[in-house]
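Please read the report below with the structure open beside it. It is written for a reader who is new to protein models.

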Amino acid sequence: MSDVPASTFTPAPMDSSKRTWLIASSCAGAAGAAALATPFVTSFAPSERAKAAGAAVEVDIASLKPGEKLTVEWRGKPVWIMRRTPEQMATLKGLDGQLADPNSERTAFPTPDYARNEARARQEHPELLVVVGICTHLGCSPVDKFQTGAQPSLPDDWKGGFFCPCHGSTFDLAGRVFKNKPAPDNLEVPPYAYLSDARLLIGEDKKQG
């Protein structure tokens with residue numbers, strides 16, 4: 001048995017990306033089974049070396065159906081890609097008065113110019129939402145709340161969106177945060193571009209070549 005006191009051992013520091021995933025996982029667990037009801041689509045993931053280097057991630061979105069959302073990893077963060085239905089797109093209208101930053105003008109998480117619109121999306125595919133799935137309050141992971149209407153912790157006129165179970169922040173289906181919530185900013189829109197109608201590049205704004 002070692003004679004070295006236990007107090008002399010120093011724990012190894014935790015990798016920041018792992019810390020983000022641990023926080024996100026713990027918050028998502030607090031939401032219970034509700035998150036499991038949402039359609040989920042898997043996607044190709046880059047190599048560990050590429051992810052560590054912050055390389056752009058190419059995603060096949062050909063099979064992503066209206067109303068479905070998939071999650072990929074980019075720079076150690078979960079990125080949501082959601083193909084919104086026409087009905088979901090219609091809910092974005094008329095919400096400006098309820099939102100903290102309806103036009104994505106705040107600069108803590110700058111929104112690319114091409115996504116500074118009601119849908120927060122490129123005009124080629126306005127129905128496709130691409131956002132980092134991390135709450136801008138303390139780094140928790142919001143859960144899907146696509147069902148409309150009154151629900152626990154949500155307003156009676158809820159039109160669908162995302163809910164952070166850790167501290168109660170709510171976001172619409174464009175990732176815009178509602179007023180008087182702990183989260184100070186909208187969900188981050190990462191740089192992205194379409195290589196084709198079926199291929200999406202996350203991490204770069206322009207096609208290469």
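The report covers the overall fold, two sheets, the cysteines, a cavity and a few loop residues.

**Basis of the values**

This is a predicted model, in which local features need pLDDT of at least 70 and side-chain atom pairs count only at pLDDT 80 or more, while totals for chains, interfaces and linings use all residues. Residues are numbered from 1 along each chain as its sequence is written, and side-chain values use heavy atoms, with hydrogens and water left out.

**Overall fold**

The protein contains three helices and 10 strands. Both kinds of element are DSSP runs numbered from the N terminus: helices are H or I runs of at least four residues, and strands are E runs of at least two. Along the sequence the order of elements is α-β-α-β-β-β-α-β-β-β-β-β-β. Of the 209 residues, 45% are buried. Here, buried means under 20% relative accessible area, exposed means over 50%, and partly exposed lies in between, with a 1.4 Å probe and protein chains only.

**The sheet β2-β10-β9**

Three strands make an open sheet in the order β2-β10-β9, and their pairing is antiparallel. Its edge strands, β2 and β9, each pair on one side only. From one strand to the next, the twist averages 25 degrees; such angles run from 0 to 180 degrees between N-to-C directions, with axes that are lines fitted to C-alpha atoms (for helices, over the stretch in contact). Two strands count as paired if DSSP finds at least two bridges between them.

Strand β2 (residues 57-60) is joined to strand β10 (residues 199-202) by four bridges. Within this pairing, Asp60 has Arg199 as its bridge partner. On the other side, four bridges also join strand β9 (residues 192-196) to β10. There, Tyr192 is partnered with Ile202, and Ala193 stands opposite Leu201. A hairpin of two residues leads from β9 to β10. In a regular strand, side chains alternate between the two faces of the sheet.

**The sheet β6-β7-β8**

A further open sheet has three strands in the order β6-β7-β8, again with antiparallel pairing. The edge strands are β6 (143-145) and β8 (170-171), each of which pairs on one side only. Between β6 and strand β7 (residues 161-163) there are three bridges. Lys145 stands opposite Gly161 of β7.

**Cysteines**

How many disulfides does a search of the whole structure find? The search finds zero disulfides, where a disulfide is a pair of cysteine sulfur atoms within 2.5 Å. A disulfide is a covalent bond between the sulfur atoms of two cysteines. Cys164 is in no disulfide, and the nearest cysteine sulfur, that of Cys135, is 4.0 Å away. Cys164 is buried, since its relative accessible area is 2%. Cys140 is likewise counted as buried, with a relative accessible area of 6%.

**A cavity**

Rolling a probe the size of a water molecule over the atoms shows where empty space is left. A cavity is a set of points, on a 1 Å grid over the protein atoms alone, where a 1.4 Å probe fits but cannot get out; lining residues have an atom within 4 Å of a point. Grid points are joined across faces, edges and corners, and a volume is the space filled by probe spheres set on the points.

The whole structure holds one cavity of 30 Å³ or more. The largest cavity has a volume of about 50 Å³. Its lining includes Asp101, Arg106, Phe109, Arg120 and Asp185. By class, the lining residues are two nonpolar, four polar and four charged. Ala, Val, Leu, Ile, Met, Phe, Trp, Tyr, Cys and Pro count as nonpolar, Asp, Glu, Lys and Arg as charged, and the others, Gly among them, as polar.

**Loop residues**

Glu118 lies in the loop between α3 (86-90) and β5 (128-132). Glu118 and Leu95 are 23 residues apart in sequence, and their C-alpha atoms are 9.6 Å apart in space. Glu118 counts as partly exposed because its relative accessibility is 32%.

The table lists two residues other than glycine that have a positive phi.

| Residue | Loop | Phi | Relative accessible area |
|---|---|---|---|
| Ser153 | between β6 and β7 | near 70 degrees | 56%, exposed |
| Asn180 | between β8 and β9 | near 60 degrees | 80%, exposed |

Note on methods:
1 Å grid on protein atoms, 1.4 Å probe; cavity = no way out; pocket = protein on both sides within 12 Å on 5 of 7 lines; lining within 4 Å.
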